[in-house]
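The following exercises are to be worked with the sequence and the structure at hand. Each task is followed by a solution in steps.

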Amino acid sequence: MFVKVCGLRTERDVDTAVEAGADAVGFVFAESPRRVDADTARRLARRVPEHVLTVGVFRNQPVSQVRALAEATGIRAIQLHGEEGPDHYAALAREGRTLIRGTAYREPVPRCGEFGEDILLLDSAVPGSGTTWRWDGGRPLPSGERWLLAGGLTPHNVQSAIEAARPWGVDVSSGVEKSRGVKDPELIVSFLKAVRAAG
Ligand SMILES: O=C(O)c1ccccc1N[C@@H]1O[C@H](COP(=O)(O)O)[C@@H](O)[C@H]1O
């Protein structure tokens, strides 16, 4: 199970996520209380070992801005989390970075790869809000694809979410915070433990 911890802003939180076993850490460049500038992201990304993916999160930003921030910070993956279409993905393809498409769950269910992305991320309608969606409601979900379940996950609900939705991985932000935009190291560790216990 691939685990991404998103919205990290401090060295302490990056180190906690890495030591707890996260597979990816996310830095938000979109409009958000979690937004970091290029200097901060570059400094944080340098601390992250090679086996952990560094992800920049963008929302409806021009390709030129996405590429410039990716180059300036050294992040290895780009998560587009707005209304970006296939043209955005095509423009950013073949630059050696993993592309993640973040989108709200809808039917028919989006397929991983249809925009040229490497990983699909299914979220609630309001990204980064801690809002859940009905992943356990008998709705169709991707199967056998590289897709991340996101939206309101917490250390308390992630095990049942994994059992219900059977995703390839999970992504969390609000659910490991003590207040909006401020991570709680204990919750990060609890989240990773809960995921690993779910198998
Ligand atoms: O975290 C944000 O503020 C954010 C802003 C713009 C786009 C995406 C954002 N975060 C992503 O939202 C999901 C779910 O977050 P949560 O756990 O419900 O708070 C996650 O993929 C973040 O990467």
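**Exercise 1.** Determine which exposed residues lie on the face of α6 turned away from its buried side, and establish how the buried residues of α6 are arranged about the axis.

*Solution.* In this predicted model, the face of α6 turned away from its buried side carries the exposed residues Glu186 and Ala197. The buried residues of α6 are Ile188, Phe191, Leu192, Ala194 and Val195. Seen down the helix axis, these buried residues fall within an arc of 160°, so they line one face of α6. Their packing partners are β1 (2–5), α1 (11–20), α5 (158–165), β8 (169–172) and β10 (182–183).

**Exercise 2.** Check whether the end-to-end distance of α6 agrees or disagrees with the expected span.

*Solution.* Helix α6 covers residues 185–198, which is 14 residues. At 1.5 Å a residue, α6 should span 20 Å. The end C-alpha atoms of α6 are 20 Å apart, so the two values agree.

**Exercise 3.** Classify valine 176 as buried or exposed, and identify its contacts beyond four places in sequence.

*Solution.* Valine 176 is located in the loop between β8 and β9 (177–179). A residue is buried if 20 or more other C-beta atoms lie within 10 Å of its own. Valine 176 has 27 C-beta neighbours inside 10 Å and therefore counts as buried. When residues up to four places away in sequence are not counted, valine 176 touches Val5, Lys183, Asp184, Leu187, Ile188 and Phe191. For valine 176 and phenylalanine 191, a separation of 15 residues in sequence corresponds to 7.3 Å between C-alpha atoms.

**Exercise 4.** Apply the burial criterion to alanine 38.

*Solution.* Alanine 38 belongs to helix α2 (residues 38–46). Since 16 other C-beta atoms lie within 10 Å, alanine 38 is partly exposed. Its contacts, leaving aside neighbours within four places in sequence, are Leu69, Ala72 and Thr73.

**Exercise 5.** State which residues have the most contacts inside the largest nonpolar core.

*Solution.* The largest nonpolar core has 56 residues, and Val5, Val25, Phe27 and Val170 have the most contacts inside it. Helix α6 contributes the largest share of this core, five residues. Beyond its neighbours within four places in sequence, valine 25 is in contact with residues including Val5, Leu8, Val14 and Val55.

**Exercise 6.** Describe the composition of the shell around the ligand.

*Solution.* Of the 26 residues around the ligand, Ser32, Pro127, Gly128, Ser173 and Ser174 come nearest. The shell divides into nine nonpolar, 13 polar and four charged residues. At least two residues of the shell come from each of β2 (24–28), β6 (119–123) and β8.

Note on methods. Residues numbered from 1 in each chain as written. Predicted model: local features only at pLDDT ≥ 70, side-chain atom pairs only at ≥ 80, totals over all residues. Helix = DSSP H or I, 4+ residues; strand = E, 2+ residues; numbered from the N terminus. Expected span 1.5 Å × (residues − 1). Buried ≥ 20, exposed ≤ 12 C-beta atoms within 10 Å, placed from the backbone. Arc of directions from axis to C-beta. Contact = placed C-beta atoms within 7 Å. Core = buried A, V, L, I, M, F, W, Y, C linked by C-beta atoms within 7 Å. Near = placed C-beta within 6 Å. Nonpolar A, V, L, I, M, F, W, Y, C, P; charged D, E, K, R; others polar.
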